[in-house]
Each structure stands twice: as structure tokens, then as C-alpha cells.
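Here are some short exercises to work through with the viewer open. Try each task yourself before you read the solution.

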Amino acid sequence: MINHYTPSPQQPTIVKYVQPYRNGIQSHSLNRHGIGFILRGKKYVYNGDQREQINRGEIFYLNMGHHYTEDIPETNHPFEQIIFYYDNQQLSRILSQLSINYQLNINNNHSCPNCENRSLVIYPAWNTLKNFFATIDQYIKEDIFNNGSTAETLKMTELLYLILSNDECCLKN
């Protein structure tokens with residue numbers, strides 16, 4: 001089951017995927033970047049002969065392009081994830097807004113082997129980010145995002161702020 005909302009072209013899109021059964025490896029061609037969070041289960045992302053595992057409670061970044069993934073449900077519970085999709089212009093607009101309106105000092109000083117030049121970056125979510133995604137899950141259940149794209153943009157801005165304010169987060173890169 002897929003819950004998603006179709007905003008105007010200028011807005012990010014928030015999608016919740018629920019997969020009750022293991023369906024094997026699937027191919028995805030993304031025309032936008034994605035920042036996601038695993039609510040339940042685990043996800044495998046295949047890159048050549050390597051398999052990366054994303055566990056429950058971890059955030060991840062997938063760049064645009066072709067990806068092979070496998071979603072693994074938990075015993076007696078479906079696989080669940082929430083992903084924010086955005087393009088370069090949306091990211092630029094939100095980062096500019098954070099910098100100008102809130103004087104957020106945005107830099108790209110973080111560098112480590114886990115995130116440099118990678119199409120997939122995985123990082124353990126901290127409590128604030130877990131609570132953020134729990135709220136997003138509740139918003140989806142209550143159809144809050146169906147009333148227009150403003151809420152999606154606000155939540156994408158908040159997500160980026162949380163990531164940027166964590167000095168150690170590999171998704172900053």
C-alpha cells in the first residue's frame with residue numbers, strides 16, 4: 001500500500017510505503033532525491049555486488065538515479081517507511097530560506113568515508129528525528145498533507161533544519 005500526495009511542482013513530496021509481504025528485489029528509477037526513515041522492518045539497497053542494510057530507526061539518503069531495493073517486513077508486522085522526495089531547486093530554495101530567515105550557518109564541513117560521493121547514505125536517527133517522523137506518520141494517518149502543499153514544505157524545512165543542526169549527521173553532505 002502506498003500513501004502519497006501530489007503537490008505542485010515546486011513542493012517536496014512525502015510518501016509512506018507499507019509492504020506487508022516480502023516481494024524480493026525491486027528496481028526504482030528516481031527523478032528526485034529522497035530522505036527516508038524506516039518505521040518498521042529493514043531495507044536492503046543493492047549497488048553492484050554490495051548490499052547495504054538500513055534498519056528500523058535509521059534515516060537514509062538516496063540520490064536520483066536507478067536503485068535496486070528490497071523491503072523486509074518484521075514478523076507479524078508490515079515493512080513501513082516514510083520518504084521525502086525533493087529536487088535540487090526545492091533543496092536550494094529551502095536552504096536559502098533557512099539561511100536568510102533564520103540566519104542558519106549552512107556549511108559542508110562534514111566529511112567521512114560513510115558519506116563522501118555516495119548514492120546512499122545511512123545514519124542512525126536521534127530521538128528528536130524519531131519523534132519528527134512519528135509526527136509525520138500521524139499527519140499522514142490524519143490526511144493533513146492532503147489539504148495543500150504548505151504543510152509538506154514546512155515539514156521538509158524542519159527536516160533539513162534537524163539534519164543541518166546535527167554536526168555529526170552524514171546526511172549533511
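Start with Glu158: this residue is partly exposed, with a relative accessible area of 32%. Keep in mind that the model is predicted.

**Exercise 1. A pair in helix α3**

Task: Find the salt-bridge partner of Glu158 and work out how the two residues sit in the chain.

Solution:
- Step 1, the partner. Look at Lys155, which forms a salt bridge with Glu158, with the closest N and O atoms 2.8 Å apart.
- Step 2, the spacing. Both residues belong to helix α3 and are three residues apart, about one turn of the helix.
- Step 3, the geometry. With 3.6 residues a turn in an α-helix, residues three or four places apart point the same way.
- Step 4, the surroundings. Lys155 is buried, at 12% relative accessible area, whereas Glu158 is partly exposed.

**Exercise 2. An acid without a salt bridge**

Task: Stay in α3, go to Glu152 and say what its side chain reaches.

Solution:
- Step 1, the location. Glu152 sits in helix α3, which covers residues 150-164.
- Step 2, look for a partner of opposite charge. Arg32 is the nearest such side chain, but it is 7.3 Å away. A salt bridge needs the nitrogen and the carboxyl oxygen within 4 Å, and Glu152, although buried, has none.
- Step 3, check the backbone. The Glu152 side chain gets to the backbone nitrogen of Ile14, at 3.1 Å.

**Exercise 3. The two sides of helix α2**

Task: Describe the span of α2 and sort out which of its residues are buried.

Solution:
- Step 1, the span. Helix α2 runs over residues 127-141, so 15 residues, and stretches 21 Å from first C-alpha to last. That is close to the 21 Å expected at 1.5 Å a residue.
- Step 2, the buried set. Leu129, Phe132, Phe133, Ile136, Asp137 and Ile140 are buried. They share one side of α2, because the arc they cover around the axis is only 140 degrees.
- Step 3, the other face. Asn127, Asn131 and Lys141 are exposed on the face turned away from the buried side.
- Step 4, a link along the helix. Lys141 and Asp137 pair up in a salt bridge at 3.5 Å, N to O. They are four residues apart in α2, about one turn of the helix. Lys141 is exposed at 55% relative accessible area, while Asp137 is buried at 9%.
- Step 5, the wider network. Through shared partners, salt bridges join Asp137 and Lys141 with Lys16, Arg40 and Glu80 in one network.
- Step 6, past the end. Asp143, which follows α2, has a positive phi near 55 degrees.

**Exercise 4. A long-range salt bridge**

Task: The whole structure has eight salt bridges; take the one between Glu70 and Arg22 and say which parts it ties together.

Solution:
- Step 1, the distance. The closest N and O atoms of Glu70 and Arg22 are 3.1 Å apart.
- Step 2, the elements. Glu70 is in strand β8 (residues 65-72) and Arg22 is in the loop between β2 and β3, so the salt bridge ties together parts 48 residues apart in sequence.
- Step 3, the exposure. Glu70 is buried at 7% relative accessible area, but Arg22 is exposed at 52% relative accessibility.

**Exercise 5. Strand β7 and its neighbours**

Task: Explain why β7 counts as largely enclosed, then list the strands that pair with it.

Solution:
- Step 1, burial. Five of the five residues in β7 (residues 58-62) are buried, so the rest of the structure largely encloses this strand.
- Step 2, the two faces. Glu58, Phe60 and Leu62 point one way from β7, and Ile59 and Tyr61 point the other way.
- Step 3, one neighbour. Strand β4 (residues 33-40) runs antiparallel to β7, with four bridges between them; Gly36 has Phe60 as its bridge partner.
- Step 4, another neighbour. Strand β10 (residues 120-124) is also antiparallel to β7, joined by five bridges, and Ile59 stands opposite Tyr123.

**Exercise 6. A hairpin**

Task: Find the residue with a positive phi in the hairpin of β5 and β6.

Solution:
- Step 1, the pairing. Strands β5 (residues 42-47) and β6 (residues 50-54) run antiparallel, with five bridges between them. Tyr46 stands opposite Arg51 in β6.
- Step 2, the turn. Two residues separate the strands, and Gly48 has a positive phi near 65 degrees.

Conventions:
Residues are numbered from 1 along each chain as its sequence is written. This is a predicted model: local features need pLDDT of at least 70, side-chain atom pairs count only at pLDDT 80 or more; totals for chains, interfaces and linings use all residues. Side-chain values use heavy atoms; hydrogens and water are left out. Buried means under 20% relative accessible area, exposed over 50%, partly exposed in between (1.4 Å probe, protein chains only). Lys and Arg count as positive and Asp and Glu as negative; His and the chain ends are not counted. A polar contact is a pair of N or O atoms within 3.5 Å; within protein, one must be able to donate a hydrogen and the other to accept it, and residues adjacent in sequence count only if both atoms are side-chain atoms. The expected span of a helix is 1.5 Å times one less than its number of residues. The arc is that of the directions from the helix axis to the C-beta atoms. Two strands pair if DSSP finds at least two bridges between them.
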